Amino acid sequence: MKTITRIATDVGWLPVSFTNVYFVGRPGGKWVLVDAGLPNSAHEIIDAAEARFGAGSRPESIILTHGHRDHSGSALALAENWGVPIYAHRLEIPFLTGKSPYPPADPTVGGATAFLSRFLPRSTPNLERYIRELEPSKVPGATNWKWIATPGHSPGHIVLFRNSDRILIAGDAIVTANMDSWSGLISGTQQLSRPPTPFTIDWPAARASVKEMAKLKPNVIGCGHGVPISDPALPERMHAFAANFRAPRRGRYVRRAARADENGIVDLPPAPFDPVPLATAAALLFLGVAVGSGYLDEQKKG
Ligand SMILES: [Zn+2]
Ligand SMILES: [Zn+2]
């Protein structure tokens with residue numbers, strides 16, 4: 001079983017597959033779960049939580065930094081198991097109640113995650129029975145923490161921050177692994193990096209959000225992807241990262257952002273030409289023709 005790693009006295013980090021979840025609170029006291037991992041991660045999260053907080057322990061709430069499938073996938077199973085509410089920003093709720101799909105990923109933006117995004121399902125769970133809107137600045141179940149709207153990666157993205165020890169739980173508003181490079185994705189080398197590119201739908205907003213986070217001067221950053229960073233020089237590193245922040249050179253959402261409101265998608269830039277599915281389709285067509293004509297049977301016999 002994977003165990004929770006402490007990144008502050010009362011903040012635990014658990015990587016579940018390629019997404020991170022965080023546990024905020026002390027054993028014996030109230031705690032909350034931040035993000036809920038991919039689908040089918042509930043058991044892993046519950047086991048780790050019970051190892052830290054005791055058998056049968058349950059959080060006050062589940063807080064979602066945003067609703068992408070890799071962060072909300074096990075939210076329903078966990079909420080049902082624990083009987084607790086799930087909180088998200090108002091602008092994220094239409095994507096979690098079946099009202100609207102997320103803007104589609106842009107596989108043409110370039111890089112490793114963009115390539116892989118072609119093969120990831122777009123659907124998100126319907127959390128209607130458990131989802132609640134976050135009230136201004138309050139984090140239910142976690143006193144001394146505040147949430148800050150950090151749109152760009154998704155319309156209702158939030159980060160959590162505690163001023164006393166300057167710890168930032170940043171979701172995908174920034175990540176600590178270079179997900180655009182295959183080596184960065186595989187090695188997991190710690191590196192402040194822009195939000196996962198194919199899923200980021202508003203780059204000027206994403207940049208403004210990074211600037212907001214840099215102003216917080218965090219000492220510790222735990223993100224949705226990558227190993228958390230704790231470094232006395234982190235405020236300067238964040239400052240430099242924000243100053244040099246670059247959107248990708250090209251991509252569906254680079255020139256023009258997607259727009260959304262409390263009902264979901266309002267406006268999308270036109271779909272880009274993606275040659276890869278075409279190549280895949282051509283290969284399948286060839287295979288279909290080959291099977292249909294008995295070409296492969298002939299080959300087998302030969
Ligand atoms: Zn995301
Ligand atoms: Zn993510």
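The 4 donor atoms around the zinc ion (ligand 1) subtend angles of 90 to 173°, which makes the arrangement irregular. Four donors would count as tetrahedral with all angles between 85 and 135 degrees; four count as square planar and six as octahedral if opposite donors are over 155 degrees apart and all others between 65 and 115; anything else is irregular. The model is predicted: local features need pLDDT of at least 70, side-chain atom pairs count only at pLDDT 80 or more, and totals for chains, interfaces and linings use all residues. Residues are numbered from 1 along each chain as its sequence is written, chains are lettered from A and ligands numbered from 1 in the order in which they are written, and side-chain values use heavy atoms, without hydrogens and water.

His66 (NE2), His68 (ND1), His153 (NE2) and Asp172 (OD) coordinate the zinc ion (ligand 1) at 2.1 to 2.4 Å. Donors are N, O and S atoms within 2.8 Å of the metal (3.2 Å for Na, K and Ca); water is not among the atoms, so sites may look incomplete. Along the chain, the donors of this ion follow the spacing H-x1-H-x84-H-x18-D. His68 lies in the loop between β5 (61-63) and α2 (69-72), and Asp172 in the loop between β10 and α5, so the pair ties together parts that are 104 residues apart in sequence. Helices (H or I, at least four residues) and strands (E, at least two) are DSSP runs, numbered from the N terminus. Both His68 and Asp172 are buried, that is, under 20% relative accessible area (exposed is over 50%, partly exposed in between; 1.4 Å probe, protein chains only).

Asp172 also bridges to the zinc ion (ligand 2), which lies 3.4 Å from the zinc ion (ligand 1). The protein donors of the zinc ion (ligand 2) are Asp70 (OD), His71 (NE2), Asp172 (OD) and His225 (NE2), at 2.1 to 2.2 Å. Their spacing in sequence is D-H-x100-D-x52-H. Asp172 precedes α5 (182-187) in its loop after β10 (167-171), while His225 sits in the loop between β11 (220-223) and β12 (229-230), so the pair ties together parts 53 residues apart in sequence. The 4 donor atoms here subtend angles of 88 to 159°, which makes this arrangement irregular. Asp172 counts as buried at 2% relative accessibility, and His225 does at 3%.

The largest nonpolar core has 28 residues, of which Phe23, Leu33, Ile45, Ile62, Leu78, Trp82 and Ile86 touch the most other members. Such a core is a set of buried Ala, Val, Leu, Ile, Met, Phe, Trp, Tyr and Cys residues joined through side-chain atoms within 4.5 Å. The largest share, 6 residues, comes from α1. Another core lies apart from it, with 23 residues, among them Ala170, Ile221, Phe241 and Val254.

In α3, Ala75, Leu78, Ala79 and Trp82 are buried. They cover an arc of only 100° around the axis, which puts them on the same side of α3; the arc is that of the directions from the helix axis to the C-beta atoms. The buried residues of α3 pack against β4, α1, β5, α2 and β6, with contact meaning heavy atoms within 4.5 Å. Gly83 follows α3 and has a positive phi, near 65°.

Ser57 is placed in the loop between α1 and β5. Ser57 is buried, with a relative accessible area of 15%. Not counting residues up to four places away in sequence, Ser57 touches Trp31, Glu50 and Trp82.
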